[in-house]
Amino acid sequence: MNHNRLYFLLLLFAFSLGIPGLAQKRCISQDWNFCRISDETSKAEIKNQGSDWSSQYNVQHMDMNGNSELAVPQNTLGAELRQLENKQWEQITLPHTPFVEPLTVLHQWQGICYYKKKITITPEEAKKHIWIEFEGAMHLADVWINGKYVMQHAGGYTPFVVDATGLLKTGKENELLVRLDNRNNSLIPPGKPLETLDFCYYGGIYRNVHLIAKADVHITHPILDGHPAGAGIFITYPKVSQELSVVDAKTEIKNTSDKEKVVELRHTLYTWKKQKGKDKKVQNISETLTLHPGVTIENNQRMEVKHPALWSPDEPNLYVLSTEVVENGKVVDKEETRIGIRHIEMSIEKGFVINGKPLRLVGSNRHMEYPYVGNAISDQAQYRDMYQIRSNGFNIV
């Protein structure tokens, strides 16, 4: 089998995988510390968190001031923090599991654990907007920076971003503290008690964490700004054929400064090769934009690609769209998005059709877990699973 064909990347996955640029995104998965709260504290199940009448009295769902933001009552939190003072923290690297399970998991560990990380930033980064991006943490996360409570995220299967702008200082170590609670919670998918499910969801910060630094004028983050079918860079293909295809790039840009900014928004399309990554230049377009202070705008630009190499599971041809924000001749923000040009349709009459050709879908179900470490598996292990699935004749997961 030609291994180059493995880059089919599943129809449910990924044609917009970000590629860092400008050294503005760096992985901070090394040198974390971990501590698990005693099992006695963790055994209690979170109850009455639904829409029923009794939920309003649940201190685990509402703090003393009636705010739903912090789901941990102060007395509970205080008791946990006192435990942490006397605990031996374990030095770990992400991805990480809070409990090494037996080969056959009959009763998955559930409870409360903490992660902390010392972060230093450069003077250049301190002038910018700082975001901390978590790819996955199971499943109720509370985050503090230098002792200040920042946010809560509910949902272990979705990434989240912490806006740390102005909270990190230069010339000192900053402490990032994360509390994770993976006990049964009816408000968080899958919503059912673990013992009623036919799979385990495990726990911990089981994916990488990145620190992102952005200039005053920048491309927004699709998770942090969170507009449906918007924010960040959103790619569509209004026309797809082997003779001519159209790539439409919708980009959201924000000016957080108190001054009017004139910038050039530039898109350049490159071919992508497994051995080289970004390869030959295909096409480029640009537009000059005026952004008033504090304004966020959407910009649509469209490029025509003659005789494109279309994507399909059997011919997984990819491109890289490089998007740059240029101010006074200097690139102040850059995102690179890996894309596959394709058109998909489904009907009772034709079944599944990609790029005008019928395709028989042969599917597989996959749980993202590995013995002992649960979901905390490496990128290479993820690739291995895809390799084996494709090698066995499947083309969709």
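Visitor: How much surface does the chain expose, and what share do carbon and sulfur atoms supply?
Guide: In this predicted model, the chain exposes about 20400 Å². Carbon and sulfur atoms supply 50% of that area.

Visitor: And what percentage of the residues is buried?
Guide: Of the 397 residues in the chain, 48% are buried.

Visitor: How many helices and strands are there?
Guide: The chain has five helices and 24 strands.

Visitor: Contacts next. What part of them joins residues at least 24 apart?
Guide: Taking contacts between residues at least 6 apart in sequence, 72% join residues at least 24 apart.

Visitor: Now the sheets. What is the strand order in the open sheet of six?
Guide: The order is S4-S3-S5-S11-S8-S9, and the pairing is antiparallel. Strand S4 (90-92) and S9 are the edge strands, each pairing on one side only. From one strand to the next, the twist averages 25°.

Visitor: How many bridges hold S8 and S11?
Guide: S8 and S11 pair over six bridges, in the antiparallel sense. Within S11, Val178 is the residue opposite Val143.

Visitor: Which strands does helix H2 lie across?
Guide: Helix H2, residues 74-85, lies across S3, S5, S8 and S11. Its angle to S5 is about 65°.

Visitor: Back to sheets. What order do the strands take in the open sheet of four?
Guide: That sheet runs S2-S13-S6-S10, again with antiparallel pairing. Strand S2 (25-27) and strand S10 (160-163) are at the edges with a single partner strand each, so one side of each has no neighbour in the sheet. Neighbouring strands here are turned by 25° against each other on average, direction ignored.

Visitor: And how many bridges join S6 and S13?
Guide: Strand S6 (residues 129-134) and strand S13 (residues 209-214) pair over six bridges, in the antiparallel sense. One of the facing pairs puts Ile130 opposite Ala213 in S13.

Visitor: What about the inside? How many residues are in the largest nonpolar core?
Guide: It has 30 residues. Those with the most contacts inside it are Trp32, Tyr115, Ile132, Phe134, Val162, Leu176 and Ile205. At least two core residues come from each of these strands: S3 (32-36), S5 (112-119), S6, S8 (140-145), S9 (148-154), S10, S11 (174-181) and S13.

Visitor: Pick Leu176. Which residues is it in contact with?
Guide: Leaving aside neighbours within four places in sequence, Leu176 is in contact with Trp32, Tyr115, Lys116, Lys117, Ile119, Ile132, Phe134, Val143, Trp144 and Ile145.

Visitor: How many residues does the second core have?
Guide: The second core is separate and has 24 residues, including Val247, Ala249, Ile285 and Tyr319.

Visitor: Why would nonpolar side chains be found together?
Guide: As a general matter, nonpolar side chains in soluble globular proteins tend to be buried together.

Visitor: Different topic: how many disulfides?
Guide: The count comes to zero.

Visitor: Why is Cys113 not in a bond?
Guide: The closest cysteine sulfur to that of Cys113 is in Cys35, 9.1 Å away, which is too far for a bond. The cut-off for a disulfide is sulfur atoms within 2.5 Å.

Visitor: Is Cys113 buried or exposed?
Guide: Cys113 is buried, at a relative accessible area of 2%. Cys27, by contrast, counts as partly exposed because its relative accessibility is 45%, and partly exposed covers the range between buried, under 20%, and exposed, over 50%.

Visitor: Backbone oddities, then. Which residues does the cis bond with omega of about -20° join?
Guide: That bond joins Met138 and His139. His139 is in the loop between strand S7 (137-138) and S8. The peptide bond from Pro189 to Pro190 is also cis, with omega near 10°. Pro190 sits in the loop between S11 and strand S12 (204-205).

Visitor: What is the phi of His307?
Guide: Phi of His307 is near 50°, a positive value in a residue other than glycine. His307 lies in the loop between strand S19 (296-306) and strand S20 (318-327), and counts as exposed at 64% relative accessibility.

Visitor: And where is Tyr372?
Guide: Tyr372 is in the loop between strand S24 (357-358) and helix H5 (379-391). Its phi is positive, about 75°, although Tyr372 is not a glycine. With a relative accessible area of 41%, Tyr372 is partly exposed.

Key:
Residues numbered from 1 in each chain as written. Predicted model: local features only at pLDDT ≥ 70, side-chain atom pairs only at ≥ 80, totals over all residues. Heavy atoms only, no water. Pairing = 2+ DSSP bridges. Axes fitted to C-alpha atoms, helices over the stretch in contact; angles between N-to-C directions. Buried < 20%, exposed > 50% of the residue type's maximum accessible area, 1.4 Å probe, protein only. Contact = heavy atoms within 4.5 Å. Areas by Shrake-Rupley, 256 points an atom, 1.4 Å probe, with all protein chains shown as cover. Core = buried A, V, L, I, M, F, W, Y, C linked by side-chain atoms within 4.5 Å.
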